[in-house]
Amino acid sequence: VTMTQGGGGRTFRAGRELVFGFALTNWGTTVAPSTPSVSLTDGSGIAITSQLMDGAVLGPVLDASFALAGMQADTRVHGDYANITISFRANAPLVSLGSPGVVITVSGLTDFETSSGVVSLNGPDAFAVSKGATAVWNQMLGELVLSGATLYGGCDSVAIPSDCALPEGAGNTPSTRFMERRATSVFSFVLKRPATLASLPIL
């Protein structure tokens with residue numbers, strides 16, 4: 001990776017710690033960890049030759065998975081309107097710039113009486129899990145489909161929480177508890193309860 005500074009005229013005082021980040025896509029197969037190198041030139045003849053960095057790039061060794069997937073309904077009365085709350089956390093940040101983006105499907109919601117159509121989402125992460133905080137409900141299939149999600153993801157794939165790909169707090173020691181709270185997505189929606197007991201949903 002080559003980093004350049006356009007425009008010129010930018011001065012960094014001696015001893016200043018420079019911090020920046022960028023995103024790259026992991027290989028789809030297992031790759032051993034590697035140690036990157038860094039070099040520097042300032043355009044006036046000063047140069048720092050390439051040297052190994054203090055940290056290693058962790059190679060991908062795990063498949064994407066859910067570290068948490070939970071469901072809770074606020075009523076068990078047959079024929080009532082149930083507010084269904086979904087909580088989940090993946091073991092990696094998930095984002096896609098292409099259409100339709102990250103798609104979340106909640107299936108197994110059988111026998112609910114709400115007609116097929118667009119369903120409004122509620123909860124703290126309604127706009128993060130679906131563009132416009134809406135989802136498409138299919139009564140016949142018992143599926144709720146959310147599109148356009150941007151998910152922080154958890155730190156479950158790294159041994160040390162401070163090595164998380166998306167640490168919280170610029171320049172501060174990240175709080176594991178705070179990272180986990182941000183990484184867990186919570187949203188809810190309302191469906192009319194069936195006349196008889198339905199099976200549990202699948203995320």
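Let's start at Val 118, which sits in strand β6. This is a predicted model, so please hear everything that follows in that light. Is Val 118 buried or exposed? With a relative accessibility of 64%, Val 118 counts as exposed. Setting aside neighbours within four places in sequence, Val 118 is in contact with Thr 134 and Ala 135. Its C-alpha lies 5.7 Å from that of Ala 135, and the two residues are 17 apart in sequence.

Just before that pair of partners comes Ala 133, in the loop between α1 and β7 (134–138). Have a look at its backbone: phi is near 55°, a positive value in a residue other than glycine. For background, most residues other than glycine have a negative phi. Ala 133 counts as buried, because its relative accessibility is 6%.

Now let me step back to the whole chain. The protein has two helices and nine strands. If you read along the sequence, the order is β-β-β-β-β-β-α-β-β-α-β. There are 203 residues, and 25% of them count as buried. The exposed area is about 14,100 Å², with carbon and sulfur atoms supplying 55% of it. Then there is the question of how far along the chain the contacts reach. Taking contacts between residues at least 6 apart in sequence, 62% join residues at least 24 apart.

Strand β9 gives us some good examples. Val 186 is found in this strand, and at 23% relative accessibility it counts as partly exposed. Which residues does Val 186 touch, not counting those up to four places away in sequence? They are Thr 85, Ile 86, Ser 87, Gly 123, Pro 124, Asp 125 and Ala 126. The C-alpha atoms of Val 186 and Phe 88 are separated by 6.8 Å, although their positions lie 98 residues apart along the chain, counted as sequence separation.

Asn 122 brings us to another part of the chain, the loop between β6 and α1 (126–129). Again leaving out residues up to four places away, Asn 122 touches Phe 187 and Ser 188. From Asn 122 to Phe 187 the C-alpha distance is 5.6 Å, and the two are 65 residues apart along the chain. Asn 122 counts as partly exposed, with a relative accessibility of 39%.

Next, Arg 89, in strand β4 (residues 81–90). Arg 89 counts as buried, at 13% relative accessibility. What does its side chain find there? The side chain of Arg 89 makes a polar contact with the side chain of Thr 184, at 3.3 Å.

On to charges. Side chains of opposite charge can pair when their charged atoms come close. How many salt bridges does the count come to? The count comes to one salt bridge. In it, the side chains of Lys 192 and Glu 113 meet, 3.6 Å from N to O. Lys 192 lies in strand β9 and Glu 113 in the loop between β5 (102–106) and β6 (117–120), so the pair ties together parts that are 79 residues apart in sequence. Both partners are partly exposed: Lys 192 has a relative accessible area of 25%, and Glu 113 comes in at 36%.

Right beside Lys 192 in the numbering is Arg 193, in the segment after β9 (185–192). Arg 193 is buried yet has no salt bridge. Where is the nearest side chain of opposite charge? That is Asp 74, 6.8 Å away; a salt bridge here needs nitrogen and oxygen within 4 Å. A polar atom of the Arg 193 side chain does lie 2.7 Å from the backbone oxygen of Thr 75. Beyond its neighbours within four places in sequence, Arg 193 is in contact with a list of residues that includes Ala 73, Arg 76, His 78, Asp 80, Tyr 81 and Phe 112. Glu 113, the salt-bridge partner of Lys 192, is also among the contacts of Arg 193.

I'll finish out on the surface. Phe 20, Phe 22 and Leu 24 form a nonpolar patch there, and together they have about 400 Å² of accessible area. Phe 20 belongs to the segment before β1 (37–41), and its relative accessibility of 57% means that it counts as exposed.

Conventions: Residues numbered from 1 in each chain as written. Predicted model: local features only at pLDDT ≥ 70, side-chain atom pairs only at ≥ 80, totals over all residues. Heavy atoms only, no water. Patch = residues over 30% accessible without salt bridge, like charges linked within 9 Å, V, L, I, M, F, W, Y side chains within 5 Å. Areas by Shrake-Rupley, 256 points an atom, 1.4 Å probe, with all protein chains shown as cover. Helix = DSSP H or I, 4+ residues; strand = E, 2+ residues; numbered from the N terminus. Buried < 20%, exposed > 50% of the residue type's maximum accessible area, 1.4 Å probe, protein only. Lys, Arg positive; Asp, Glu negative; His and termini not counted. Polar contact = N/O pair within 3.5 Å; in protein donor to acceptor, adjacent residues only side chain to side chain. Contact = heavy atoms within 4.5 Å.
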